[in-house]
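Trainee: I have a chain open on my screen and would like to go through its fold with you. Could we take a look at it together?
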Amino acid sequence: MNTIFSTNRLLFRQLTVDDAPNVFELNSNALVMKYTGQPPMQSIDEAVNFLTHYSDYKAYGYGRWACILKDTNEFIGVFGLRFLPNENHVDIGGLFKPAYWNKGYAKEAAEACISYGFDILQINKIHGKCAEANTPSIKIMESVGMVYQNDYVKNGTRVLCYTIYK
């Protein structure tokens with residue numbers, strides 16, 4: 001496993017096509033996808049196709065990473081930074097399997113990704129967005145020092161935008 005960085009409990013590495021079963025499990029779960037604005041994946045082939053064509057690492061040098069529990073080597077989710085060329089900024093975000101919700105992993109991942117972005121990638125500003133109803137994500141963004149900037153409505157959902165500066 002090619003670890004990019006780690007925390008006390010988590011390892012972060014690039015996603016590969018071998019992650020397709022886990023990516024499908026994660027992205028086909030309606031609870032996980034509830035606030036993403038994306039429909040749940042319908043097949044493992046969809047996960048394979050996504051991973052085969054995921055080009056952020058090559059294009060930008062970073063992207064969403066697989067989150068692995070250090071103790072068990074278990075894939076628990078995807079979290080990381082993503083450059084959004086249409087908006088010309090770096091976005092932070094991720095998804096975890098429900099069994100790993102409310103255990104502090106998302107905050108730990110967010111803190112690590114922000115540090116990696118600022119210290120290693122030399123990014124000066126990181127944005128985060130979520131649906132207004134997604135209160136757990138709002139709490140995480142605020143707990144890691146992100147500050148509310150504005151909001152907008154997309155497909156009938158109010159989206160809140162947060163930012164943190166280096």
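Trainee: In what order do the elements of the chain run from the N terminus on?
Mentor: This is a predicted model. From the N terminus, the order is β-β-α-α-α-α-β-β-β-α-β-α-β-β.

Trainee: How many helices and strands are there in the chain?
Mentor: The chain holds six helices and eight strands.

Trainee: What radius of gyration does the chain have, and what would a compact globule have?
Mentor: The chain has 15 Å, and a compact globule with 166 residues would have a value near 15 Å, so the two agree. Along the principal axes, the C-alpha atoms fill a box of roughly 40 × 35 × 35 Å.

Trainee: What percentage of the residues count as buried?
Mentor: Of the 166 residues, 44% count as buried. The accessible surface comes to about 9100 Å², and carbon and sulfur atoms account for 48% of that area.

Trainee: Among contacts between residues at least 6 apart in sequence, what share joins residues at least 24 apart?
Mentor: That share is 54% in this chain.

Trainee: Changing topic to charge: how many positive and negative side chains are there?
Mentor: There are 16 positive and 16 negative side chains, and the centres of the two sets lie 4 Å apart.

Trainee: Now the interior. Which residues have the most contacts inside the largest nonpolar core?
Mentor: They are Phe 12, Trp 65, Phe 79, Leu 81, Ile 92 and Ile 126, in a core of 50 residues. Helix α5, residues 105-120, gives the most to this core, with nine residues. As general background, nonpolar side chains in soluble globular proteins tend to be buried together.

Trainee: What does Leu 81 touch?
Mentor: Setting aside residues up to four places away in sequence, Leu 81 touches twelve positions that I can list in full: Tyr 62, Gly 63, Arg 64, Trp 65, Val 90, Asp 91, Ile 92, Cys 113, Gly 117, Leu 121, Ile 123 and Ile 126.

Trainee: And Arg 82, where does that one lie?
Mentor: Arg 82 lies in strand β4. It counts as partly exposed because its relative accessibility is 35%, and the range for that class runs between 20% and 50%. Beyond its neighbours within four places in sequence, Arg 82 is in contact with Asp 56, Tyr 62, Arg 64, His 89, Val 90 and Asp 91.

Trainee: How far is the C-alpha atom of Arg 82 from that of Ile 140?
Mentor: The separation is 18 Å, for two residues 58 apart along the chain.

Trainee: Which strand contains Lys 129?
Mentor: Lys 129 is in strand β6, residues 125-131. With a relative accessible area of 26%, Lys 129 is partly exposed. Its C-alpha atom is 7.7 Å from that of Asp 91, 38 residues away along the chain. Asp 91 is also one of the residues that Lys 129 touches, and others include Leu 84, Glu 87, His 89 and Tyr 152.

Trainee: Last topic, the backbone. What is phi for Asn 88?
Mentor: Asn 88 has a positive phi of about 55°, although it is not a glycine. In general, most residues other than glycine have a negative phi. Asn 88 sits in the loop between β4 (75-84) and β5 (89-96), and it is exposed, with a relative accessible area of 59%.

Trainee: Where is Asn 102, and is it buried or exposed?
Mentor: Asn 102 is in the loop between β5 and α5. At 80% relative accessibility it counts as exposed, and its phi is positive, near 60°.

Methods:
Residues numbered from 1 in each chain as written. Predicted model: local features only at pLDDT ≥ 70, side-chain atom pairs only at ≥ 80, totals over all residues. Heavy atoms only, no water. Helix = DSSP H or I, 4+ residues; strand = E, 2+ residues; numbered from the N terminus. Rg over C-alpha atoms; globule rule 2.2 N^0.38 Å. Buried < 20%, exposed > 50% of the residue type's maximum accessible area, 1.4 Å probe, protein only. Contact = heavy atoms within 4.5 Å. Areas by Shrake-Rupley, 256 points an atom, 1.4 Å probe, with all protein chains shown as cover. Lys, Arg positive; Asp, Glu negative; His and termini not counted. Charge placed at Lys NZ, Arg CZ, Asp CG, Glu CD. Core = buried A, V, L, I, M, F, W, Y, C linked by side-chain atoms within 4.5 Å.
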